[in-house]
Amino acid sequence: MKLQGKVALITGAGSGIGWATALLFAREGARVACADINEGAAKETAQQIEKAGGQALVIRADVSRSEDCQGMVERTVATWGRLDILFNNAGVPQAPTSVENLDEATFDRIMAINVRGVYLGCRHAVPVMKKQGGGVILNTASTAAIRPRPGLNAYGASKGAVIAWTKALALELAPSKIRVVALAPVATDTPMLPTFMGKTVVDEKGREAMVRTIPLGRLNTPEDVARAALFAASEDAQMLTGTCLEIDGGRCI
Ligand SMILES: NC(=O)c1ccc[n+]([C@@H]2O[C@H](COP(=O)([O-])OP(=O)(O)OC[C@H]3O[C@@H](n4cnc5c(N)ncnc54)[C@H](O)[C@@H]3O)[C@@H](O)[C@H]2O)c1
């Protein structure tokens, strides 16, 4: 077990990548605080963890709100006495939109959740990690930051900010033994995927077109990303910080 005795807090734990990571971290011995704006979804993840014999906590949190981020850290620490791993994973997608049609409210919402949410998570978790002598912060970026697709302008920019933020914090927090790592998944089979294609459901044509852009010839599963998150959070990655791990089947080459 790679995370025995560890306490992890995962945002966006109610679905997709956050869900798969919560289950995997719990299987590897971590107690997992499942935070999501959708409390019912977080509850389902927590129930699955408990059913498998693990320990979980359900936290309703909107990561764009400072009091919610403070609350999710405080509840985790109040319950289990520490916080070893923060996974800033919650995010929202963008439907392909030309810049002249990108309205300000959409731009602001993407930045509020994808960028401000990561900042707020770190802001409230870092004092706890410093006090306990270390920790790991994982931030979900995207290949959209490195190799953008047309029309995913605000989304790609938000994930670019996540990568820059990760590197800045990795340097700043290295003396405190806090590692900070970004994960950059390519298209991943989650409820978010159709939005990136400008659709409500993924049809075969859209899927095939996407797959053709990925050298290894398939999309990510949420578990592909969860396994990378596990590696980055574990002792196996103890010299990894400031890195952006591309989980992309070769898309960014
Ligand atoms: N699916 C992909 O193709 C893909 C590719 C690269 C990166 N990502 C990133 O991976 C992360 C997870 O996405 P996913 O694909 O698992 O999507 P998803 O839609 O399955 O899950 C996202 C979860 O985040 C939650 N969430 C949304 N806004 C929130 C908020 N303000 N506060 C708290 N929780 C909130 C949702 O309720 C949902 O449970 C996101 O940051 C996303 O940008 C996804």
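## A tour from the ligand outward

Begin by selecting the ligand together with the 30 residues that surround it, the closest of which are Ser15, Ile17, Asp36, Tyr155 and Thr190. Keep in mind throughout that what is on the screen is a predicted model, and that the distances and areas quoted along the way are computed from it.

**The ligand and its contacts**

With the ligand still selected, turn to Ile17, where a backbone N or O atom lies 2.8 Å from an oxygen atom of the ligand. Next select Tyr155, whose side chain has an N or O atom 2.6 Å from an oxygen atom of the ligand, and then Thr190, for which the distance from a side-chain N or O atom to an oxygen atom of the ligand is 2.6 Å. The ligand on its own has 830 Å² of accessible area, and the protein covers 93% of it.

**The pocket and its shell**

If you display a surface over the protein at this point, the place to look for the ligand is the largest pocket, where the ligand sits. Colour the shell around the ligand by residue class, and you will find 16 nonpolar, 11 polar and three charged residues in it. Then switch to a cartoon view and pick out helix H1 (16-27), helix H5 (153-173) and helix H6 (193-196), each of which supplies at least two residues of that shell.

**His124 in helix H4**

Now move to helix H4, which spans residues 104-132, and select His124 within it. Is His124 buried or exposed? Its relative accessible area is 15%, and because the limit for a buried residue is under 20%, His124 counts as buried. Show its side chain together with that of Ser66, since the two side chains make a polar contact of 3.0 Å.

**Thr76 in helix H3**

Select helix H3 (residues 66-80) next, and within it Thr76. Thr76 is buried, with a relative accessible area of 0%. To see a part of the chain that is remote in sequence, add Val32, which is 44 residues away from Thr76 along the chain, and draw a line between the two C-alpha atoms, which are separated by 8.7 Å.

**Ser64 in the loop before H3**

For the last stop, follow the loop between strand S3 (56-60) and H3, where Ser64 has its place. Ser64 has a relative accessibility of 17% and therefore counts as buried. Finally, display the side chains of Ser64 and Asp62, which are joined by a polar contact of 2.8 Å.

Notes. Residues numbered from 1 in each chain as written. Predicted model: local features only at pLDDT ≥ 70, side-chain atom pairs only at ≥ 80, totals over all residues. Heavy atoms only, no water. Near = heavy atom within 4 Å. Polar contact = N/O pair within 3.5 Å; in protein donor to acceptor, adjacent residues only side chain to side chain. Areas by Shrake-Rupley, 256 points an atom, 1.4 Å probe, with all protein chains shown as cover. 1 Å grid on protein atoms, 1.4 Å probe; cavity = no way out; pocket = protein on both sides within 12 Å on 5 of 7 lines; lining within 4 Å. Sits in = over half its atoms within 2 Å of the grid points. Helix = DSSP H or I, 4+ residues; strand = E, 2+ residues; numbered from the N terminus. Nonpolar A, V, L, I, M, F, W, Y, C, P; charged D, E, K, R; others polar. Buried < 20%, exposed > 50% of the residue type's maximum accessible area, 1.4 Å probe, protein only.
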